[in-house]
Amino acid sequence: MERERSAIVELFTKGHPSREILKILKLPLNRRKFVYRTIRRYKDTGKVEDRARSGRPCSVTTPSLGKVIAQRIRRNPRRSIRKMALDLKVSRCAMTKIVKRDLGMSSFKRKKVHFLSQLVKEKRVARCKGALGRYAVENLEKILFSDEKIFTIQEATNVQNDRILASSPSKVDEKFRYVSRIQNPKSVMVWAGVSKMGRTPLVFVPQGVKINSINYREMVLEPVLKNIGRDMFGGTSFVFQQDGAPAHTSNVTQSWLHDNFPGFITKEEWPSYSPDLNPMDYSVWSILETKACVNSHTSIKSLKRKLCQEWNKIPKKPSVLLLRPCQIELHV
C-alpha cells in the first residue's frame with residue numbers, strides 16, 4: 001500500500017493527472033478513490049502516511065487476512081464470499097471489502113462453451129483459414145446460411161434478462177410473475193435460411209418424422225433450394241451453407257448437393273461446432289423465438305401461424321424479389 005502511494009505521488013509531482021496514473025500503474029477502475037485520496041492527502045499534509053486516527057485500529061480487514069484470502073482464491077477462484085466469510089469467521093461485509101477493495105477483484109459469470117479436443121481445435125483453425133481465403137474476396141451476398149430449430153408451444157423466457165418492475169413480487173399478477181413449464185411440451189422442428197439478399201420460406205417438419213438424408217432431400221433441398229437461385233438470387237449461382245448434422249453430412253446429401261449446387265460448402269470445409277459463424281444460430285432464431293413465443297400457445301397450429309407472421313416481419317432488402325409463401329408443409 002505504501003509503495004503504491006509513493007508511486008502515485010511521484011507521478012502526480014511529475015504532472016500526470018489521476019486518470020493517467022491509473023493507466024500507468026495498471027490499477028483497476030475500482031481503485032480510483034484510492035488514487036484521489038492519496039493525492040488529496042499529499043496536497044493537505046505533504047505526506048503519504050496515514051493520518052492519526054481517533055478510532056480503534058483495524059483488526060479484521062488486515063493485510064495478513066488479505067494474503068490468506070488471496071491464496072485461497074488463487075487455489076480455487078470459484079469460492080464464494082459468503083462461504084469464505086463463514087470459514088474464516090468474519091462478517092460478509094468485511095470479506096466483501098477485502099475481496100473488492102483491497103484485492104481489486106470482481107465476480108464474473110462462468111460461460112458455457114463447446115468441449116473441443118485438441119484435434120477439433122486444429123481442424124477448426126485450418127477450416128476457418130480456408131473459409132477466409134475462399135470468401136474474403138467473394139461477395140458474401142451469395143452465401144445462403146441455413147439451420148434447423150425446435151420450437152415449443154411454451155412461452156420463451158430469458159432467465160437473465162426477463163425481469164418485472166414492482167414494489168413487491170406479490171403485487172404483480174401471476175401471469176407476469178411466473179413462467180409456466182410442462183413436461184414434454186408439443187413442439188415442431190423448423191428449417192429456414194437467410195442471406196444478405198433475403199430469406200427462405202419456413203419449412204415445418206411433420207410430427208413424428210425424423211430428419212434423415214432422404215427426408216432432408218425431399219422436404220428441403222428439392223422443393224426449396226432449387227427455387228432459391230431464381231427467387232432470391234435472380235437466377236445466378238449461390239453458395240449453400242449447412243451445419244454438421246448427420247443428415248447434412250451423409251454421402252447421399254453431399255453427393256446430391258455436389259451434382260446440383262457444386263459451389264456449396266462441403267462437410268470438410270465448414271468448421272464444426274461453429275454457431276458463432278452462422279447468423280441463424282447467433283441472431284435470427286433468437287429474434288424469431290422472442291417475437292413468436294412471447295406468450296404460450298394452445299396448439300401447434302397457433303405456434304406455426306405466429307412463426308409465419310413474425311418471420312415475414314423480419315426486414316429484408318426491398319429490391320429483393322418476393323419470396324414464395326412463408327410456409328411449406330410436406331408429408332411423407
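A residue is taken as buried when its relative accessible area is under 20%, and by this criterion both Phe151 and Trp285 are buried in the predicted model described here. The rings of these two residues form an edge-to-face aromatic pair, with 5.6 Å from centre to centre and 70° between the planes. Because Phe151 belongs to strand S1 (residues 143-152) and Trp285 to helix H12 (residues 279-292), the pair ties together parts of the chain that are 134 residues apart in sequence. The ring of Phe151 is also involved in a second arrangement, in which the charged end of Lys149 sits over it at 5.5 Å from the ring centre. A comparable placement is found for Arg31, whose charged end sits over the ring of Phe34, 4.7 Å from its centre.

The pair formed by Phe151 and Trp285 is one of five aromatic pairs in the structure. Another, between Phe233 and Phe238, is stacked, with the ring centres 4.9 Å apart and 5° between the planes. Phe233 has a relative accessible area of 5% and is therefore buried, and Phe238, with a value of 8%, is likewise buried. Through ring pairs, Phe233 and Phe238 are linked with Trp256 and Phe261 into a cluster.

Phe238 appears again in the nonpolar interior. The largest nonpolar core comprises 21 residues, of which Leu144, Leu221, Leu225, Ile228, Phe238, Phe240 and Leu257 touch the most other members. Strand S4 (202-205), helix H9 (213-231) and helix H11 (251-260) are the elements that give two or more residues to this core, and H9 supplies the largest share, with seven residues. The surroundings of Leu257 illustrate the packing: when its neighbours within four places in sequence are left aside, Leu257 is in contact with Leu221, Leu225, Phe240, Gln242, Pro262 and Phe264. A second, separate core contains 19 residues, including Val188, Val190, Leu303 and Trp311.

Two members of the second core, Leu303 and Trp311, are also among the buried residues of helix H13, which are Ile300, Ser302, Leu303, Lys304, Leu307, Cys308, Glu310 and Trp311. Helix H13 spans residues 300-313 and has 14 residues, and the distance from its first C-alpha to its last is 20 Å, close to the 20 Å expected at 1.5 Å a residue.

The start of helix H13 (residues 300-313) can be set beside an annotation in the sequence record, since an unreviewed UniProt entry places the feature "domain: Tc1-like transposase DDE" at residues 157-303. Over residues 157-303 the chain is 37% helix and 12% strand, and the C-alpha atoms at the two ends are 16 Å apart.

Positive phi values in residues other than glycine were noted at two loop positions. Lys89, found in the loop between helix H5 (81-88) and helix H6 (92-102), has a phi near 60°, and at 76% relative accessibility this residue counts as exposed. Asn184 has a positive phi of about 50° and lies in the loop between helix H8 (174-177) and strand S2 (187-195). With a relative accessible area of 74%, Asn184 is exposed as well.

Key: Residues are numbered from 1 along each chain as its sequence is written. This is a predicted model: local features need pLDDT of at least 70, side-chain atom pairs count only at pLDDT 80 or more; totals for chains, interfaces and linings use all residues. Side-chain values use heavy atoms; hydrogens and water are left out. UniProt positions are given in the numbering used here, feature names are shortened, and annotations may be inferred rather than shown by experiment. Helices (H or I, at least four residues) and strands (E, at least two) are DSSP runs, numbered from the N terminus. A nonpolar core is a set of buried Ala, Val, Leu, Ile, Met, Phe, Trp, Tyr and Cys residues joined through side-chain atoms within 4.5 Å. Buried means under 20% relative accessible area, exposed over 50%, partly exposed in between (1.4 Å probe, protein chains only). Contact means heavy atoms within 4.5 Å. The expected span of a helix is 1.5 Å times one less than its number of residues. Rings of Phe, Tyr and Trp (its six-membered ring) pair if their centres lie within 6.5 Å; planes under 30 degrees apart count as stacked, over 60 as edge-to-face and the rest as tilted. A charge sits over a ring if NZ of Lys or CZ of Arg is within 6 Å of the ring centre and within 35 degrees of the ring normal.
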